[in-house]
Amino acid sequence: MTARALGLAMGLACGATALTAHAAALALNITDASGKPLADAVALLEPAGGKAPVKPLPDVEISQAKRQFQPRVTVITTGTRALFPNFDTVRHHVYSFSPIKTFELKLYTGVPGTPVVFDKPGVAVLGCNIHDSMAAWVVVADTPWFARTPANGRARIDAVPPGAYKLRLWHPGLPPNTEPAAVAITIGNADVDHTAQLAVAAEP
Ligand SMILES: [Cu+2]
């Protein structure tokens, strides 16, 4: 077989694989209470029956710069480790009292040596003991299919195998215990669009 013929054969094989894999995407369009695009909304797509196998992600960074956490909202899978580099010259003292992960990184500059392992699903609220205005959220997903919206409120969850799922949405601006009810989503061979409006007040 010539190189060209081999390339053609491989191309055909790849095309065939893509057709038989049948994975589709869930395209999300999330708005706030006023109908404007909502950033930092988190979508978790969980199998309706049973649990999907989840692997920890590579280490993530939640940095501090100009007395702000960056990013403000982080989504990771269960078991992922987070590092907390401080790029400010002032010291920070990062903590969480959330049931899924309680920890404290006492006054530090630079990068604390020990990563924090988020080993239970749910939401952890992070604060700084020194700077009350600093806040960040870590959403720990027990599913490999999740997304966080950027400023345009649109996100995609790619390569979802066909099946029945429940979609849960979350945002740090939702009043406590007002998460919208899970929505049933069926993924087939075609991409699915889902639009949702969350009861989050518009950013000032
Ligand atoms: Cu601080």
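This report walks through the strands, sheets and nonpolar core of one protein chain.

Please keep in mind that the model is predicted. The protein chain has 204 residues, and buried ones make up 26% of them. Its secondary structure is easy to sum up: one helix and 17 strands. A good way to see how the chain folds back on itself is through its contacts. Among those with a separation of 6 or more, 66% link residues that are 24 or more positions apart.

**The five-stranded sheet**

Let us start with an open sheet of five strands, whose order is β6-β12-β11-β8-β9 and whose pairing is mixed. At its edges you will find β6 (73-77) and β9 (101-108), each of which pairs on one side only. On average, neighbouring strands in this sheet are turned by 20° against each other, with direction ignored. Look next at β8 (residues 92-98) and its partner β9: the two run antiparallel and are joined by six bridges. Within this pair, serine 96 has phenylalanine 103 of β9 standing opposite.

**The three-stranded sheet**

Another open sheet has three strands in the order β3-β7-β10, again with mixed pairing. Here β3 (60-61) and β10 (116-118) are the edge strands; each has a single partner strand, so one side of each is left without a neighbour in the sheet. Strand β7 (residues 80-83) runs antiparallel to β10, and three bridges hold the two together. Threonine 80 has its bridge partner in β10, namely phenylalanine 118.

The two antiparallel pairs described above are set out here.

| Strand pair | Bridges | A facing residue pair |
|---|---|---|
| β8 (residues 92-98) and β9 | six | serine 96 and phenylalanine 103 |
| β7 (residues 80-83) and β10 | three | threonine 80 and phenylalanine 118 |

**The nonpolar core**

Which residues have the most contacts inside the largest nonpolar core? They are Val42, Ala43, Leu45, Val138, Val139, Phe146 and Ile157, in a core of 39 residues. Strand β12 (residues 135-141) supplies the largest share of this core, with six residues. The core also draws on two domains, taking at least three residues from each of domain 1 (22-52 + 147-204) and domain 2 (53-142).

Alanine 43 makes a nice close-up of this core. Setting aside neighbours within four places in sequence, alanine 43 is in contact with Leu28, Phe146, Ala147, Ala155, Ile157, Leu167 and Leu169. Two of these partners, Phe146 and Ile157, also belong to the core residues with the most contacts.

Terms used: Residues are numbered from 1 along each chain as its sequence is written. This is a predicted model: local features need pLDDT of at least 70, side-chain atom pairs count only at pLDDT 80 or more; totals for chains, interfaces and linings use all residues. Two strands pair if DSSP finds at least two bridges between them. Helices (H or I, at least four residues) and strands (E, at least two) are DSSP runs, numbered from the N terminus. A nonpolar core is a set of buried Ala, Val, Leu, Ile, Met, Phe, Trp, Tyr and Cys residues joined through C-beta atoms within 7 Å. A residue is buried if 20 or more other C-beta atoms lie within 10 Å of its own, exposed if 12 or fewer, and partly exposed in between; C-beta atoms are placed from the backbone. Domain bounds come from an automatic or database domain assignment. Two residues are in contact if their C-beta atoms, placed from the backbone, lie within 7 Å. Axes are lines fitted to C-alpha atoms, for helices over the stretch in contact, and angles run from 0 to 180 degrees between N-to-C directions.
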